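The following exercises concern aromatic rings and the contacts they make. Please study the sequence and the structure before reading each solution.

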Amino acid sequence: MVNALTFGTFTDRMPPHNLEAEESVLGSILLDPQAITLVRDILPVEAFYLEIHQDIYRAALNLCKQGTTVCLPTVIRFLEQRGNLRRVGGLTNLTRLFEAKVSALGVDETAKLLLEDYLRRQIILLANETLERGHDPHLEIADLVRITEEKFTSIEDYGLKGGDRDEKEYNNLMASIKNIERTVSSPGLKLYKLQKLAKTCGKRLQDLEFLYIKSLCEAASGPLKTLEALNMDCKTDTREWLVHGIIPANTTFLIHALGGVGKTKLLYDLAYCLIEGKDWNQFAITAKSRKVLIYQDDESPYDMRQALQRRGFFEPGFNSEHFRYRRGWTMDNVPQLVRDIEEFQPDLVIIDSITTANRNSIFSENETAYARPLLEITQIAAEYGVTVGLIHHSNGEGGSRGTKAIFNSVSEVLCLKRSTEPGANEQEKILEIQKSRSRRFPCSYNLFFNAEDFSLSCTGEINQRDTSDEPVKARILRFLQDNRGVRFEAEEIAHETETATGSTRRCLNRLASDGLISVLEVITDKARKNLYFIDFDEPTHQSSYRSKVISPDQSYPNADTEPVTDDSTQNTEKNQEGKKVDSGENLKKVEEEESEAAPDKDSEEKNTGVIRTDHDRSKTPILTKNGGGEESNPSPVIEEGKKKQLKPICIKLPSTQGTIQVNATPINDKVWDFKVAFPDGYEIEEQMLGNKKQVVQGLQAIVDTWNAQFKYTVQVLKGLGTYESIKDCTLIQIKVSPANPLKGSWLFESPTGKAIFVHSPENWEIQK
């Protein structure tokens, strides 16, 4: 019996596809800029079943070809510029893909699943085309066979032979090693898998180690990129710090010393300051509190507890939620480090020490391969945005012990030594900066170990070339520490610290080169200028800082003028008791130090030049109504001869609309006539009950309420000549020169609570 041929179709079946794998690959690409390099050579656009997934992947490929970093913001901008953002589901869909991934590990393996489904679809398509051609009576059999063979061969070549075979084998091998290194926690199981992999590919285990080191170095070098890509790679305008001048952010640093010198206690001291939000000597911290994770195996639990207890980690009120530690960790257990970082999200990880953490290494400390885990940790630090500090031992020559690869694998190297000064005791130390990509080096600082609380005090830099500027540097640091996160020009700092501009610029340059402050160079079409500040996660724009006024006949001090001092008579008026009232303070400062009953001569106050619009609505004025049919409070009867002569309030306040004129005249010590005239023509003219302080608070509340009704669009610098518009901002502070309203600064608050500091009226506009 002959079997009948069946020519049934499979149109009721969906073509092979895996939407979950497609979303996984796209999420990895949006999360990890290196993911696209692992899949671009094996995955065509058509490998994605959904067209919206093809559009997202095509955008990533185009960005990669341009040398632009492939990440969520660049993909969004690329799609938006070409009008395809809504087509792919908008920001919601892209954010969902991004947030669904916590790691890009295994993206190449997932891509192979997509490739297999794609090849199956191609085979099905070819089969259908062959079926169509088989029914064509005009097509010769030889041609039918030839066309079919060519297409099958093309599919086979793409899936099994495409590209450089050696390159594919190398990429697959490195991906397999990385997968083992990042996912297998057990050191024994990891070694077993690596040995098995080495046997499978016909190589020695040591060969795999050397190949993996080379791949890490290759990944560190990165692809050829454009200037636009450089701007995208820099997440901030300036270098970020955990502790200015000592610990940069998002990198690795090494501190080494001979045994017993105190390197662990130094890092405990720094960790304590980071967690508590306290400056480490003159080196400023950059957040209210940081999270610290310590891997400790170089000292016993008892010694660790004693050191932490002495430093204050167990004191009431210590932020213990921002501290974690683990014992028994080794460099073989990198997956545990990754899991700890993902779970605890520390800002600083301390590994004490390289020797104990690398105790299972099959390599000698003097071999280059011994430093391989450090390269991987450096990569992890960059990927997760953490700082990793490694403790090591010094050699007899004062360098880090072992292979030079250890020194070369980190960004910063610090050395702690005993003081070599004659008569120095064990408590006197020297901290030497031996390598830095973040600040000036080499340089050294004298430290003193306080045995009572295990802290270290910095007593100054060793061999300073010039100490004459130290008082000026100290004043600048105090000022910037009081106004963390707010950016100032050199002239402003000179004015506020009452120092000459020439010495201020010199000190700012030195402080910036030492990493003690940050500097941002702003380049526009009109000018080039530097802005100086101490970095801080939450800018202290509500600090005690108040700007002094610059009168019309006074300019910012320069190198050729004397420093402005508190004895300056400009912008001040004396009452009969000889007290000075600084007209540069805001309305709240007017007459606070004067006696309410003190007699005064009639005088007109000068411009203040400053107003702060603190959003405190609890201080509302006590007003009487004098119109609109509402009840009016009668003025108290004032007996003849008992009327006190109080000083009237007459002040002009700047605003973004123009000048606000404030006038208040006392009827007696409890009743005031006042008038506030706003630049838009709106006026308030009523009476207010209360003493002088209450009146000042009430008038300030009126001005604040008027200012708060306006919203602003502010231009924020994102890169060289690149600005971003932030809408719905609120004015916080104005500081202008009455002589030149275009010269000054404006402090705004974004809808998310971020402080925005601008120096030109061209950088903001009032929203209509």
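A charge sits over a ring if NZ of Lys or CZ of Arg is within 6 Å of the ring centre and within 35 degrees of the ring normal. The model examined here is predicted.

**Exercise 1.** Determine which ring lies beneath the charged end of R487.

Solution. The charged end of R487 sits over the ring of F533, at 4.6 Å from the ring centre. A further case is R82, which lies over the face of F78, 3.5 Å from the centre of that ring.

**Exercise 2.** Classify the pair formed by Y295 and W329 as stacked or edge-to-face.

Solution. The search of the whole structure finds 17 aromatic pairs. In the pair of Y295 and W329, the ring centres are 4.8 Å apart and the planes meet at 20°. Planes under 30 degrees apart count as stacked, so this pair is stacked. Next, consider location: Y295 belongs to strand β4, whereas W329 is in the loop between β5 and α14, 34 residues apart. Finally, consider accessibility: Y295 is buried at 2% relative accessibility, and W329 is buried at 3%.

**Exercise 3.** Classify the pair formed by F748 and W764, and state where its two residues lie.

Solution. The ring centres of F748 and W764 are 6.1 Å apart and the planes are at 50°, so the pair is tilted. F748 lies in strand β23 and W764 in strand β25, so the pair ties together parts that are 16 residues apart in sequence. Both F748 and W764 are buried.

**Exercise 4.** Which residues do ring pairs link into a cluster with Y272?

Solution. Ring pairs join Y272 with F313, F318, F323 and Y325 in a cluster.

Key: Residues numbered from 1 in each chain as written. Predicted model: local features only at pLDDT ≥ 70, side-chain atom pairs only at ≥ 80, totals over all residues. Heavy atoms only, no water. Phe/Tyr/Trp six-rings, centres within 6.5 Å; stacked < 30°, edge-to-face > 60°. Helix = DSSP H or I, 4+ residues; strand = E, 2+ residues; numbered from the N terminus. Buried < 20%, exposed > 50% of the residue type's maximum accessible area, 1.4 Å probe, protein only.
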